[in-house]
Each structure stands twice: as C-alpha cells, then as structure tokens.
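Me: I should like to learn how to read the features of a structural model, beginning with its ligand contacts. Could you take me through them in order?

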Amino acid sequence: MPNVVCVGAQWGDEGKGKVVDSLSARADVVVRFQGGPNAGHTLVVDGETTILHLIPSGILVPRTLNLIGPGVVVDPEVLFTELAGLRSQGLEISRERLRVSDRAHVIFPVHSALDKAREEIRSIAIGTTGRGIGPAYESRVARTGIRVHDLLEPDTLAERVRVALTERNFLLEKLYGWPPADEGEMAERAYAWGEQLAPYVDDTGVTLDRALRAGKSVLLEGAQGTLLDIDHGTYPYVTSSTTLAGGACAGAGIGPTRLDYVLGISKAYTTRVGGGPFPTEDTGPAGQHLGTVGREFGATTGRKRRCGWLDLVVLRHAVRVNGLTGLALTNLDVLTGLSEVKVCIGYRVQGKQLQDFPASIGLLERCEPVYRTFRGWAESIEEARSMDDLPQAARDYIRWIEDAVEIPVDLLGVGPDRDALIERANPFDMVRPPRRF
Ligand code: GDP
Ligand code: IMO
Ligand code: MG
C-alpha cells in the first residue's frame with residue numbers, strides 16, 4: 001500500500017491535523033517526525049474538538065498505530081496531559097495505539113526557561129511558543145541531550161542529567177539571570193518520567209519497517225510548515241527543525257525509497273503566528289474577515305494569528321523544496337462572503353519582479369506583493385462534497401491555482417469537521433510499483 005507524507009506548505013496551522021485525521025481512515029500507521037509541543041493540531045469529529053501537540057493526528061481512528069518518531073522533541077509532561085485529555089474523552093491509549101521512539105530527545109524545564117529568557121531579551125522577538133523547542137534541538141546537536149531511552153537507564157541517568165544541565169544552567173543563571181534547575185530534583189523527575197513513559201517506549205523505526213514489509217499503509221505527519229523550516233523558511237523567524245518532506249525520512253527512521261506521495265497542506269489564504277515578514281498580510285477589512293470567520297487563534301498559545309491573502313511565491317517555493325505531489329487546500333469556506341479574493345502572483349522589489357522566495361529577510365521585508373484579483377462568492381460551501389457543488393467563482397479560483405503551481409489540488413477543506421472535505425483524488429490510491437523483496 002502507498003505511503004504518504006503530509007507537510008505544511010505555509011507558516012504552520014494549515015489544517016494538517018484535520019487532513020491527517022481524515023486520511024487516517026486509510027492508514028495503518030501514523031508517524032509524527034519532527035517538532036514537538038510547539039505544534040497544535042486541531043481535530044473536529046462530530047462537533048467535538050481535540051487539540052494534539054505531540055500525539056499523531058491518527059489517534060482518533062481506532063485501528064491506527066501512532067508513532068512519535070526519533071526526530072520529535074518530547075516534553076513528557078505535555079504528553080501525559082494529552083493522554084489524560086484523551087482519557088477524559090473515554091479513550092484509554094495503550095501501547096497498541098501509541099509508541100514513543102527511544103531515540104527521541106526529551107525537553108526539560110531548563111529548555112523552556114531558556115526559550116523564554118531569550119525571547120525576553122531579543123530586540124525583535126521571534127515569538128516562539130516558549131515550549132523549549134530551540135534549546136532542546138540545540139542540546140541534541142551539542143550531544144548533551146537526554147533521549148527517551150536514557151530515562152529507562154537509572155544507573156546512568158543522574159550523571160546524564162548533570163552533564164545535560166551544566167551548560168544550560170550556566171547560561172540561564174549567568175547570562176539571563178534566571179534561577180538554575182536543581183540537578184537532583186531534575187534527575188528524580190527524569191526517573192519518574194521514565195517509569196510513566198516505559199509502557200510506550202519502542203524502537204519505532206523497527207516497528208515501522210515491520211509494518212512497511214507487511215504492506216501496511218503509513219502516513220507521516222509533519223508539524224509547523226515550509227516557511228518555518230530551519231533552512232528554507234524565513235530565517236531567523238523559524239522553528240528549529242527540518243519541517244520539509246525531505247526530513248520526514250530521517251525523523252521517522254525510514255529511507256526515501258519508501259515514500260509514494262507528498263501532500264502539501266495550505267490554507268486558501270495565509271496565516272502566521274509570531275514575528276517575521278509576511279508579504280501578503282492584510283490588516284484591513286479582508287484580513288479581519290479571514291481572522292473572524294476562520295477563528296484564527298493559535299491552538300497552542302491562543303495568540304491571534306496574522307491573516308492575509310494566498311501567496312503563490314510561498315506556495316511555489318513549497319512545491320519545489322518538498323517535491324509536492326499534490327495539495328490539500330483547506331479553509332476554502334472561510335473565503336465565502338468576500339466580494340473579491342486576491343492571490344499574490346509575484347513580488348515587486350527595487351523596480352524588479354521577483355518570482356522566487358528570497359533568502360534575505362531584509363529583501364523580503366521590502367517586497368511588495370503583486371496581486372491578481374478573482375471575484376468572490378456568497379454561497380455557503382460547507383456541505384459541498386464535490387467540485388460540482390462549488391460555485392463557479394470558487395472553481396475558477398482553484399483551477400487557476402493548480403495551473404499556477406503546476407500540481408493538482410487533490411483535497412479541499414470546506415469546514416473544520418473531519419468530513420468537511422472534497423476528495424478529488426486520494427493520496428492512498430497512488431499505484432506504486434511492486435517491491436522486489
Ligand atoms: P495544524 O496545526 O496545521 O493542524 O492547524 P491548526 O489546527 O493549528 O489550525 C487550523 C484551524 O483551522 C483549526 O481551527 C481547524 O479546526 C480549522 N480547519 C481545518 N480545516 C478547515 C477547513 O477546511 N475549514 C475551516 N473553516 N476550518 C478548518
Ligand atoms: P503547527 O504544527 C504555527 C512558530 C512560532 C514562532 C516560530 C518559532 O500547529 O502548524 P518555536 O516555538 O517552534 O521555537 O517557535 O514558529 N510556530 C508555529 N506556528 N504553527 C505551528 O505548529 C508552530 N510551531 C511553531 O509561533 O513564530
Ligand atoms: Mg497548529
């Protein structure tokens with residue numbers, strides 16, 4: 001069966017949770033491959049809302065196995081809170097439904113403290129989620145991080161925690177003037193985390209490989225989005241992981257030859273939370289319409305999302321750097337009621353037209369969007385389940401986008417609910433050549 005990767009094509013919050021939940025009906029295994037509890041993925045099933053930060057968005061589909069891959073940074077406290085939330089909805093999650101990679105790195109309170117301390121003193125804040133993501137990934141590459149399997153090795157845990165904290169505490173106390181973490185207390189907490197996590201810990205790469213060899217379908221779920229990627233996003237206003245489809249393999253522990261379809265998820269307009277340039281941001285009535293009708297508030301921090309028009313320079317960049325096979329265009333229903341709908345087709349800067357997304361933030365800040373204007377529509381489209389159910393103006397808008405980005409819009413979101421989806425082609429229907437062994 002085919003294997004599908006879902007990635008955000010903009011600045012995050014594109015509706016990945018909803019799309020992954022919908023597609024999970026066709027998947028056996030769902031894997032988160034990067035990021036951490038900075039993510040907030042919203043699932044709406046029969047009117048009931050679930051927000052997930054670490055647990056993959058396949059969890060509400062009973063027959064799926066959900067894996068938190070080695071590329072994820074795990075805050076055990078957030079994970080336990082999430083499990084408790086699911087339990088209160090009547091879902092008891094066992095090892096048959098959820099496993100956590102033994103190679104994943106653990107977020108400690110010092111990471112979150114450092115994240116917040118840095119934001120406080122930055123002249124221009126990145127607007128991070130304060131969840132310790134950047135500092136935890138730093139510990140990983142500095143090779144002083146604690147991995148999930150370390151939590152299960154009590155003989156060496158205290159010493160590992162000491163090593164992990166030394167430098168972090170020095171920075172916290174001496175550079176930022178924050179109270180340092182107590183080594184003994186942290187070692188005890190790490191031990192307790194290990195005991196609580198133990199039933200879920202697994203070599204998820206091996207489990208995934210077994211599933212693939214048995215011909216199961218795998219859905220890889222990205223967090224954040226292409227423009228928040230550490231290399232290909234709006235650096236330094238980015239997150240600290242590789243959010244692209246190319247990172248999915250390393251973050252899940254499989255090879256690129258296993259992937260069949262790369263789905264990019266984009267809203268029919270654009271939103272962004274946190275700082276950094278956003279060329280098509282609209283602070284006028286149109287932006288207010290998008291924010292109000294789309295209920296654009298962050299699922300993790302509750303912050304108001306900045307809103308603006310769809311940006312094809314961004315989308316073409318996402319098509320290229322992810323090698324997207326197709327798009328899921330979400331929140332199309334939010335455009336209902338606008339008399340006109342604009343799309344940015346290029347940037348104008350210093351008297352020139354720019355077609356490619358620039359590396360320089362300084363240059364990006366000077367870019368003026370060039371718009372093409374489409375007529376809007378007034379009809380409600382939440383009940384639409386095929387292209388034929390959509391008003392002509394919406395169909396024109398979608399077809400024009402497809403031509404401009406040169407990939408098909410295979411899925412269309414017309415409401416927050418799991419079923420509010422127009423499926424023009426299903427990524428799991430891709431025919432793949434047989435494997436030789
Ligand atoms: P994610 O981080 O990519 O999973 O996206 P979020 O959950 O942070 O934000 C997406 C928001 O849009 C959530 O409130 C979803 O319930 C909502 N949503 C998803 N798809 C649609 C859609 O097609 N229409 C509408 N109106 N809302 C949607
Ligand atoms: P999902 O998976 C939207 C943003 C933050 C900030 C920047 C860096 O729900 O799409 P970080 O805490 O990662 O160091 O913050 O990235 N950000 C997100 N924006 N959706 C997300 O995740 C995000 N995760 C991080 O607002 O601008
Ligand atoms: Mg989100």
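Reply: Let us begin with the polar contacts of ligand 1 in this predicted model. A backbone N or O atom of G413 is placed 3.3 Å from an oxygen atom of ligand 1. The backbone also takes part at G17, where an N or O atom lies 2.8 Å from a ligand oxygen, and at G15, where a polar backbone atom is 2.9 Å from an oxygen atom of ligand 1. On its own, ligand 1 has 580 Å² of accessible area, and the protein covers 93% of that.

Me: Which residues around ligand 1 come nearest?

Reply: A shell is read by listing the residues and then asking where they sit in the fold. Here 19 residues surround ligand 1, and K16, G17, G40, T42 and D333 come nearest.

Me: Which element gives the most to that shell?

Reply: That element is α1, with three residues. Both α1 (16–23) and β3 (41–45) supply at least two residues each. By character, the shell divides into nine polar, six charged and four nonpolar residues.

Me: Which residues coordinate the magnesium ion?

Reply: A metal site is read from its donor atoms and their distances. For the magnesium ion, ligand 3, the donors are D13 (OD) and G40 (O), at 2.0 to 2.2 Å. This pair links distant parts of the chain, 27 residues apart: D13 belongs to the loop between β1 (4–8) and α1, while G40 belongs to the loop between β2 (29–32) and β3.

Me: Are D13 and G40 buried or exposed?

Reply: Both D13 and G40 are buried. G40 is also among the residues that come nearest to ligand 1.

Me: How should I read the backbone angles?

Reply: Most peptide bonds are trans, and most residues other than glycine have a negative phi. Departures from either pattern can therefore be picked out for inspection. One concerns the bond joining Y235 and P236, which is cis, with omega about 10 degrees. P236 lies in the loop between β10 (218–221) and α8 (246–252).

Me: Which residues have a positive phi without being glycine?

Reply: D46 and N331 are two cases. Phi of D46 is near 50 degrees, and D46 is found in the loop between β3 and β4 (48–52). N331 has a phi of about 60 degrees and is placed in the loop between β15 (326–330) and β16 (340–349).

Me: Why does D46 count as exposed?

Reply: The assignment rests on relative accessibility, with exposed meaning over 50%. D46 counts as exposed because its relative accessibility is 69%.

Notes: Residues numbered from 1 in each chain as written. Chains lettered and ligands numbered in written order. Predicted model: local features only at pLDDT ≥ 70, side-chain atom pairs only at ≥ 80, totals over all residues. Heavy atoms only, no water. Near = heavy atom within 4 Å. Polar contact = N/O pair within 3.5 Å; in protein donor to acceptor, adjacent residues only side chain to side chain. Areas by Shrake-Rupley, 256 points an atom, 1.4 Å probe, with all protein chains shown as cover. Helix = DSSP H or I, 4+ residues; strand = E, 2+ residues; numbered from the N terminus. Nonpolar A, V, L, I, M, F, W, Y, C, P; charged D, E, K, R; others polar. Donors = N, O, S within 2.8 Å, 3.2 Å for Na, K, Ca; no water. Buried < 20%, exposed > 50% of the residue type's maximum accessible area, 1.4 Å probe, protein only.
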